Amino acid sequence: MRLFCSSKLRNTKNLSGLWDFVIDTDRVGYLEKWYDLFPVKKETMCVPFCWNCVPEYFKYEGLAWYQTVFEATSDTYLLTFENVLNEAEVYVDGICVKHHYGGFLGFQVEGSGKGKHILTVAVDNTHNEKNTIPLSRVDWFHYGGIAGNVYLDCFEECYISDHRIDYELTGNRALGNVEFNITGEYIGKVQIYLGEELVAETDAHSGKNNLKVDFGCIERWDIFKPNLYLVEIRIEGDSVVERIGFREIEVKGKQILLNGREIKIKGINRHNEHPDFGFAVPFSMMKKDVDIIKNMGVNLIRGSHYPNPPELLDYLDEIGMLFWEEIPMWGFYDKKSLGEPLTMERGIQMHDEMIRRDCHHPSIVFWGLHNEIGTDIEEGYEITKNFYEVVRALDRSRPITFASLKVESDVCLEFADIVSMNIYPGWYGGHDPKKESEEIRNKIQSHLERVGSHNKPFIISEFGAGAVFGEHSLYNAKWTEEYQSELLRELITAFEEDENVNGMIIWQYCDIRSSFELELTRPRSYNNKGLVNEYRQPKTAFYTVSRLFNKMDVNQEGDYDENI
Ligand code: ADA
């Protein structure tokens, strides 16, 4: 879903709703050709949704089949899947038309034939410890299902199948480069509009087209002034509309500059998850989260640990919230998983898809390569180098980073424009956050000097403590709301005073369901480091952080408004 009209001509149909559904515990569906003949013994499942949010399938991880019928009103059609967790095999009228690996990012299927069609999708969220992204052992739950919308577009003739708009700014003058692809036979005109204004018109043809466009004088997008522009690419019979916010984000020495002005990051990590919806969080819920987060005085959300839905990113664009986006590559520590060719291949594909899908969002300021992998070993170096090169080639306009836990041994920092470290002083280990944090930060600085990365910006990409909602104690014990609140108060104050720290990103906004692999170290089977619990009830730390973050911002003075 998008928050603006993404075409002036298309009559897009949303195929979401109730689909036929059957789980395939014994994996016999392929042999028995369920794509030809769907089992009679079936039920229904919502699309979008995650099957683990239905009580019977709370624990199910594996293969399941979905089916629906759609009607193409013309000979050429395009199916768009927003998010299938985690692997999809798509059949139209019993014929396999697409295989796609990886959740959180969409894919498209082109087809032909006017009339009714049967659409069957085999959805598999099986994982392993070797080459699935994510691996089995992650600190979130492996929800399965068609977790995003499915759309149908029908075309009489040709259509715009891909587009990319880049720009360069000189002051407030924007010069653009518009690239798009036309599928089908086409020789005719293309018009480019900025809002209602025609800014370019020229000849276009089937296949790849590329043109320079002078967008003229624009108003920049910024945190406090999120100016957005609609750019339309129009050919005969089709139109696509993209939304752009013109801005510059760059690293200069130890500074992070947004439109030439230094910014300090007051961030929060957020999983896009809710116990009632899994990863298929409705827009109203995501918006509510983001509004609460903004009110806390936060200026950046790290989308830990996977790409977030387009409508959420659209909303961040609209309110001027910064975003760090990454792929779900978490905890690949060893040679076995990092050295696997499939790990590299899948990781590169995910970066490619993420950047192509999301590069137009001004809110996205950093691309994250991965989270807490073996960046201290050769295989970690190889994969980081490859990811860095791929991401750099796809987008030269944003700084690249990754969240490391190798505070004294990271050998990959040459591939980070911004150094980011996850540290947990006062939580994993001792009880003295302030002292431990000083020791860790000193170690980090020495390491950065050793490897020559001390002149780059440095962000603390995770820190926090677990608190079970409603747990209190007079003795400042771990897992209580008091301990979490006090730890965050001490660390936020210490990081703010440290001139080497360009930003901090709290772990985390809300409690989230963890994986079976981690449940014994996670009370209630949840990661309890949220400032609010999984139902968004605030813990003590929520108010502490809101007060501290709001005071840190000269542009946003005042305490958290407890009335919202
Ligand atoms: C890591 C990881 C998070 C979470 C956190 C924790 O830093 O990146 O996903 O698991 O640790 O709670 O320990």
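## Surroundings of S404

In this predicted model, S404 is in contact with T375, D410, S420, M421 and N422, its neighbours within four places in sequence being left aside. The residue belongs to strand β27, which covers residues 400–404. With a relative accessible area of 1%, S404 falls under the 20% limit and is therefore buried. One of its partners, D410, is also engaged through polar atoms: the side chains of S404 and D410 make a polar contact at 2.6 Å.

## The ligand and its shell

The ligand is surrounded by 13 residues, and D139, E372, Y428, E462 and K529 are the closest of them. Classified by residue type, this shell holds five charged, four polar and four nonpolar residues.

Oxygen atoms of the ligand are approached by several side chains. For Y428, an N or O atom of the side chain is 2.4 Å from a ligand oxygen. N371 places a polar side-chain atom 2.8 Å from an oxygen atom of the ligand, and for N527 the corresponding distance from a polar side-chain atom to a ligand oxygen is 2.8 Å. How much of the ligand surface does the protein bury? Taken alone, the ligand exposes 320 Å², of which the protein buries 96%.

## Nonpolar cores

The largest nonpolar core comprises 126 residues, and the members that touch the most others are Y66, L79, F81, L119 and V121. For L79, residues up to four places away in sequence not being counted, the residues touched are L15, F70, V92, F107, Q108, V109, L119, Y151 and L152. L119 thus appears among the residues touched by L79 and is itself one of the core members with the most such neighbours. A second core, separate from this one, has 24 residues, including V178, I192, A200 and I233.

## I505 in strand β30

I505 lies within strand β30, residues 503–506. Its relative accessibility is 0%, and I505 is therefore counted as buried. Beyond residues up to four places away in sequence, I505 touches I265, G267, I268, N269, L300, R302, W324, I459, I460, S461, E462 and F463. E462, among these partners, is also listed with the residues closest to the ligand. Over a separation of 296 residues along the chain, the C-alpha atoms of I505 and N209 are 41 Å apart.

## Buried loop residues T480 and H142

T480 is placed in the loop that joins β29 (458–462) to α7 (481–497). Is T480 buried or exposed? The residue counts as buried because its relative accessibility is 3%. Its side chain reaches the backbone oxygen of A477 at 2.6 Å. Apart from neighbours within four places in sequence, T480 is in contact with G466, A467, E471, H472 and S473.

H142 occupies the loop between β10 (115–124) and β11 (145–146), and at 6% relative accessibility H142 likewise counts as buried. A polar atom of the H142 side chain lies 2.9 Å from the backbone oxygen of S136. S136 is also among the contacts of H142 outside four places in sequence, which are N52, E61, N125, H127, P134, L135, S136 and S515. H142 and Y60 are 82 residues apart in sequence, with a C-alpha to C-alpha distance of 9.4 Å.

## Backbone geometry

Most residues other than glycine have a negative phi, and most peptide bonds are trans. Two peptide bonds may be set against that background. The bond from L85 to N86 is cis, with omega near 5°; N86 lies in the loop between β6 (84–85) and β7 (87–92). The bond from W507 to Q508 is also cis, with omega near 10°, and Q508 is found in the loop between β30 and β31 (512–513).

Positive phi values occur at F104 and N476. F104, although not a glycine, has a phi of about 75° and is located in the loop between β8 (95–101) and β9 (107–112). Its relative accessible area is 6%, so F104 is buried. N476, which is not a glycine either, has a phi of about 50° and lies in the loop between β29 and α7. At 38% relative accessibility, N476 counts as partly exposed.

Notes
Residues numbered from 1 in each chain as written. Predicted model: local features only at pLDDT ≥ 70, side-chain atom pairs only at ≥ 80, totals over all residues. Heavy atoms only, no water. Near = heavy atom within 4 Å. Polar contact = N/O pair within 3.5 Å; in protein donor to acceptor, adjacent residues only side chain to side chain. Areas by Shrake-Rupley, 256 points an atom, 1.4 Å probe, with all protein chains shown as cover. Nonpolar A, V, L, I, M, F, W, Y, C, P; charged D, E, K, R; others polar. Helix = DSSP H or I, 4+ residues; strand = E, 2+ residues; numbered from the N terminus. Buried < 20%, exposed > 50% of the residue type's maximum accessible area, 1.4 Å probe, protein only. Contact = heavy atoms within 4.5 Å. Core = buried A, V, L, I, M, F, W, Y, C linked by side-chain atoms within 4.5 Å.
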